[in-house]
Amino acid sequence: MYNVVAVSFGEIFLKGKNRGSFEHKLTEQIRYALKEYKDVSIYKELGKVFIQTKHIDDMDGIINKIKKVFGIVVISPSIKVEKDPEIIIEKAIELFRYLKEKQNIKTFKVNTKRGDKTFPVKSMDFSALAGEKILNAFPDVTVDVHNPDIEVMIDIKKNCYISSERITTVGGMPIGSCGKALLLLSGGIDSPVAGYMIAKRGVEISALYFHTYPFTSERANEKVKRLKEILEEYCGKIKLYSVNLLDVHKAIKEHCREEETTILARRFMMRIAERIAEENGLEMLITGESLGQVASQTMKSMIVIENSIEMPILKPVIGMDKTEIMDKAKEIGTYETSILPYDDCCSVFAPSHPLINPKLDSILISEGRLNVEELINKVYSTLEVI
Amino acid sequence: MEVYLDNSATTRVRHEVLQQIIDVNKNYYGNPSSLHRMGLMAEKKIDEARRYAAKIINAKYEEIYFTGGGTESNNIALISHLSNIYENSNIVTTKIEHPSVYNVVDQFKDKASIRYVETDGMGRVNLDDLKKKVDSDTVLVSIMHVNNEIGIVQDIKKIAEIAKSKNNSTKIHVDAVQSYGKIKIDINNIPVDTMAFSSHKIHGPKGVGGLFVRSSLKIKPSVFGGGQEKSVRPGTENTAGIIGFGEACKLLYDNFEEENYKLNELKALYAKRLSEEIEDVRINSLLNGEGAPHILNISFKNVKGEVLVHFLEQKGIYVSTGSACSSKSKSNRILDALNIDKEYIDGSIRMSLGYFNNHDEVEYVVMHIKQSVNDIREIMML
């Protein structure tokens, strides 16, 4: 039925002089989301973006993909026709028949928008004319201009677009409209959700993954890569960094108390993350921390961990319950991958009784036994883009 | 250097087998059920493979059925035997069976009682206990020939004789996936009813297995179709796979003694050298005739097997581990059933040998295991 999809952007962020660049970014985002589809063309016409494909069968798949692109507000599957009044009405009737088979329609209205003022018939007149023809074709329906079951939109621009269905999207702001940040991505449930939530507000994200190979499996890498790919459906291309933290863990194990391991290791992670962010023009860090969920996520732990860096940290799931985070992960499609067994042996380094109320003074004393700069340089040398 | 020591998981296909697979796909691609000559040629090739597969256990060729693999063979046999299950009947098996037996039997736990025969610290079936557990209501005795993780060889002849002497109508199934082609089996001296085996453990292709069914017995099929393999395993035959399997059997049969000798020697050498070079080592496999020639399970105190696997993969050495991190709940059913000290159980790896292994690899492997174990211990002890 449909041969084109009309995409409307949110208005708030499209006002002012940035409009052009945001529109451009969104168009790029759409293009990226549709990279696996052939013969797709994307073009602008009077304030809207249209996606056209030569393969009508791809339409549902295309709609599902662009539903996930942040910054799109409404998607209208449409029929693109020539600006010939007779053809327009014929197609409008065809669309009406198609919709009537899908749902019970008793009332309708036609709404014409004439962006092209050279079109010979005025909007109101054309709506009336099309409405009449539809009434003739379907004697069991009536017009209701106030509360119709469906509304047939006839949008006359350079071409004419007929539509009725409106598909809502995930919303958000276009990626890149709100800066760049580095997500600390583990293989778990929380961090992909955190990345999704910040990206939704228009932030372009990169991701960082810490491992301790050969104490962790290469399969864990694959899992993080897979999570990154799922997030990319929403966020566009994500650069994924990995760092091997083994030497840090070895040093902590050798020189510090077991129960301090997690806090100390996380202070190192933050420093390394900050360094990667600074070197790559990323303005903030993002973590999947949820208050009180584990020992390192108590308020006191966070104070001690964050004391190690200056860069602000975004924690979008901080106030969410585990079950809420899980629901969100299911909704965005990362859950099933996150719960895959990890084959993770970092339990070698995980203390059996981690501190939940660490004191900054004593952590700093412990850390004083380590050569922090040297260790950071050492593990930084394992940095890879995967 | 690449040293593949995970032959109990699967093996590399031998060159001659690969040639056969290509040849079949090029020249004998007909459906064996087709009436024309192309079909007949394929059928003849399959019959030839069946003769080779039968020879390995000295069976009659019509007693061999080709299946989709070891798991499928175990399932077909067990589900058929258990079709006669009744209230108050029982099944006798062990706790160290492969999942393709253990989990099938487990499906019947509400319909019959499952009796697990005791095994000793090395995994040997306690024959006195077996005698006690088999009675007039025992429908099935299913015991594996060689355990895949530690390589203990059960005396299936004695086991079958004891079971039959207690109840002649009891069906006896043996999972021989790990022993087929590795240990001499003369099926005529062992009163078992069915025996399962697999192609990819003996350098044949994956996706093919075999089931021996005593000629006096009729299998009740669990999959229905066009009647291939006398309806025991219907579906168009995996001609290339079967013929590749046949070729692997032929190669094995022709060199059985030498190959067996080589594997035993290599296994003993690894056990000796590793014990000499590394402290606090526990050999979990038996080095005499009670241990399979190709499986060496070995534990290192204060090491995690899984970490050792990853250390060794960096050197091109591939071994496996049955035990996982102790922090995760997935403990190892097989190793738990054996009396292995807690300090050792996490640090066990399985080295399993095959045709492509040789003496030249031993020192390289020993050196890297030694170094890796030292490195891991050092980190664990920090």
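Setting aside neighbours within four places in sequence, G288(A) makes contact with G188(A), D190(A), S191(A), V193(A), A194(A) and V317(A) in this predicted model. G288(A) sits in the loop between strand 13 (284-286) and helix 9 (299-306) of chain A. The residue counts as buried because 26 other C-beta atoms lie within 10 Å, where 20 or more are required.

**Annotated positions in chain A**

- An unreviewed UniProt entry gives the annotation "binding site" to L184(A), L185(A), Y209(A), F210(A), R266(A), G288(A) and Q297(A).
- One of these positions, Y209(A), belongs to strand 11 (residues 204-211) of chain A.
- Is Y209(A) buried or exposed? Y209(A) is buried, because it has 23 C-beta neighbours inside 10 Å.
- Beyond four places in sequence, the contacts of Y209(A) are L185(A), V224(A), L240(A) and S242(A). Of these, L185(A) also appears in the "binding site" annotation.
- The unreviewed UniProt entry also places the feature "domain: THUMP" at residues 60-166 of chain A.
- Across residues 60-166 of chain A, helix accounts for 37% and strand for 29% of the chain. The C-alpha atoms at the two ends of this segment are 13 Å apart.

**Backbone geometry**

- Most residues other than glycine have a negative phi, and most peptide bonds are trans.
- Which peptide bond is cis, with omega near 0 degrees? The bond from Y213(A) to P214(A) has this geometry. P214(A) lies in the loop between strand 11 and helix 6 (218-235) of chain A.
- D39(A), which is not a glycine, has a positive phi of about 55 degrees. D39(A) is placed in the loop between helix 1 (19-33) and strand 2 (40-45) of chain A.
- D39(A) is classed as exposed because it has 9 C-beta neighbours inside 10 Å.
- In chain B, H203(B) likewise has a positive phi, of about 70 degrees, although it is not a glycine. H203(B) is located in the loop between strand 7 (194-198) and strand 8 (209-213) of chain B.
- H203(B) is classed as buried because it has 27 C-beta neighbours inside 10 Å.

**Strand pairing in chain B**

- Strand 3 (residues 90-93) of chain B runs parallel to strand 4 (residues 113-116) of chain B, and four bridges join them. Within this pair, N90(B) faces S113(B) in strand 4 of chain B.
- The connection from strand 3 of chain B to strand 4 of chain B passes through helix 4 (residues 99-106) of chain B, forming a right-handed β-α-β crossover.
- Strand 3 of chain B is also joined by four bridges to strand 5 (residues 138-142) of chain B, again in parallel. Here I91(B) has L140(B) in strand 5 of chain B as its bridge partner.

**Domain arrangement of chain B**

- The domain assignment divides chain B into domain 1 (15-254) and domain 2 (256-381). The C-alpha centres of domain 1 of chain B and domain 2 of chain B are 28 Å apart.
- How many residues of domain 1 of chain B are in contact with domain 2 of chain B? Contact involves 20 residues of domain 1 of chain B and 22 residues of domain 2 of chain B.
- The side of domain 1 of chain B that touches domain 2 of chain B comprises nine nonpolar, eight polar and three charged residues.

Notes
Residues are numbered from 1 along each chain as its sequence is written. Chains are lettered from A and ligands numbered from 1 in the order in which they are written. This is a predicted model: local features need pLDDT of at least 70, side-chain atom pairs count only at pLDDT 80 or more; totals for chains, interfaces and linings use all residues. Domain bounds come from an automatic or database domain assignment. Two residues are in contact if their C-beta atoms, placed from the backbone, lie within 7 Å. Ala, Val, Leu, Ile, Met, Phe, Trp, Tyr, Cys and Pro count as nonpolar, Asp, Glu, Lys and Arg as charged, and the others, Gly among them, as polar. UniProt positions are given in the numbering used here, feature names are shortened, and annotations may be inferred rather than shown by experiment. A residue is buried if 20 or more other C-beta atoms lie within 10 Å of its own, exposed if 12 or fewer, and partly exposed in between; C-beta atoms are placed from the backbone. Two strands pair if DSSP finds at least two bridges between them. A crossover is right-handed if, with the strands pointing away from the viewer, the path from the first strand over the helix to the second runs clockwise.
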